[in-house]
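Open the model in your viewer and keep the selection panel at hand. We will go stop by stop.

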Amino acid sequence: MKNLLNVLFGILVAVGCCTNIFAQEAKVGSINISGAYAVATVPGQPVAEGFVKLMDMGPADQLVGASSPVATEVQLHTMSMDGNTMHMSQLKAVDIPANGSVELKKGGMHLMLMGLKTPLKAGDTISIKLKFAKAGEVEVKFPVKSMGDARSDHSSMKM
Ligand SMILES: [Cu+2]
């Protein structure tokens, strides 16, 4: 039994190590960050979107800012429908409920990379630093996915 537990523990450690290598997972304070990705751009496109899930294992916190070496500025945005028109507006902060989670995802809140210094190509990985009001700052790796891949993430329905 003890051996079995050791094996299981070994597996857990191994899995933990591997998810760290693909570091779209990160942790700072009580905030767990997962599922980070950015969407590839076409040449000349000056902006790109980034998405990420934030899970809070502690008291309520806020995502208050972000920055990246590949963009002159990273803003927090949200989308809303005004009749049939999608509007994007800038947020001062994204609330993360205590012991809860918030997801920045397609069609909703997102990170907006402004003034891209280089186009984002699928397969690349960029780094974005997230800043939380309480938990502090953490650098997160965002793999770049093509528009198609990014879309298929959300189509769990069978065609
Ligand atoms: Cu935006």
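Which element does a hairpin join to strand 10, and through how many residues? The hairpin joins strand 10 to strand 11, through three residues. Keep in mind that this is a predicted model.

**Stop 1: the hairpin**

Select residues 125-132 for strand 10 and 136-145 for strand 11. The two strands run antiparallel, and eight bridges join them. Now pick Lys-131. It stands opposite Glu-137 in strand 11.

**Stop 2: the whole chain**

Zoom out and colour by secondary structure. The protein has two helices and eleven strands. From the N terminus, the order is α-β-β-β-β-β-β-β-β-β-β-β-α. Of the 159 residues, 25% are buried. Now consider contacts with a separation of 6 or more. Residues 24 or more positions apart account for 68% of them.

**Stop 3: strand 2**

Select residues 31-39, which form strand 2. Strand 2 pairs with strand 11 in the parallel sense, over two bridges. Val-39 marks the spot: it stands opposite Lys-145 in strand 11. Strand 2 also pairs with strand 3, residues 48-56, in the antiparallel sense over six bridges. Show Ala-38 here. Its bridge partner in strand 3 is Gly-50.

**Stop 4: strand 3 and its other partners**

Keep strand 3 selected and add strand 9, residues 110-116. This pair is antiparallel, with three bridges. Glu-49 has Met-112 in strand 9 as its bridge partner. Next, add strand 8, residues 101-104. Strand 3 pairs with strand 8 in the antiparallel sense too, over four bridges. Lys-53 and Glu-103 are bridge partners there. While side chains are on display, recall that in a regular strand they alternate between the two faces of the sheet.

**Stop 5: the core**

Hide the polar side chains. Which residues touch the most other members of the largest nonpolar core? They are Ala-38, Leu-111, Ile-128 and Phe-142, in a core of 32 residues. Several strands give two or more residues to this core, among them strand 4 (61-67), strand 5 (71-82) and strand 7 (94-96). Strands 2, 3, 9, 10 and 11 do so as well. Strand 2 gives the most, with six residues.

Centre on Leu-111. Leave aside its neighbours within four places in sequence. Leu-111 is then in contact with Glu-49, Gly-50, Ala-66, Val-74, Leu-76, Leu-104 and Ile-128. Two names return from earlier stops: Glu-49 is the bridge partner of Met-112, and Gly-50 is the bridge partner of Ala-38.

**Stop 6: Ser-80**

Move to Ser-80, in strand 5. Is Ser-80 buried or exposed? Ser-80 is exposed, because 10 other C-beta atoms lie within 10 Å, and the cut-off for exposed is 12 or fewer. Draw a distance from its C-alpha atom to that of Gly-108. The two are separated by 7.4 Å, yet sit 28 residues apart along the chain.

**Stop 7: Asn-99**

Finish at the loop between strand 7 and strand 8, and select Asn-99. Check its backbone torsions. Phi is near 50°, a positive value in a residue other than glycine. Most residues other than glycine have a negative phi. Asn-99 is also exposed, because 12 other C-beta atoms lie within 10 Å, and a count of 12 or fewer qualifies.

Definitions and conventions. Residues numbered from 1 in each chain as written. Predicted model: local features only at pLDDT ≥ 70, side-chain atom pairs only at ≥ 80, totals over all residues. Buried ≥ 20, exposed ≤ 12 C-beta atoms within 10 Å, placed from the backbone. Contact = placed C-beta atoms within 7 Å. Pairing = 2+ DSSP bridges. Core = buried A, V, L, I, M, F, W, Y, C linked by C-beta atoms within 7 Å.
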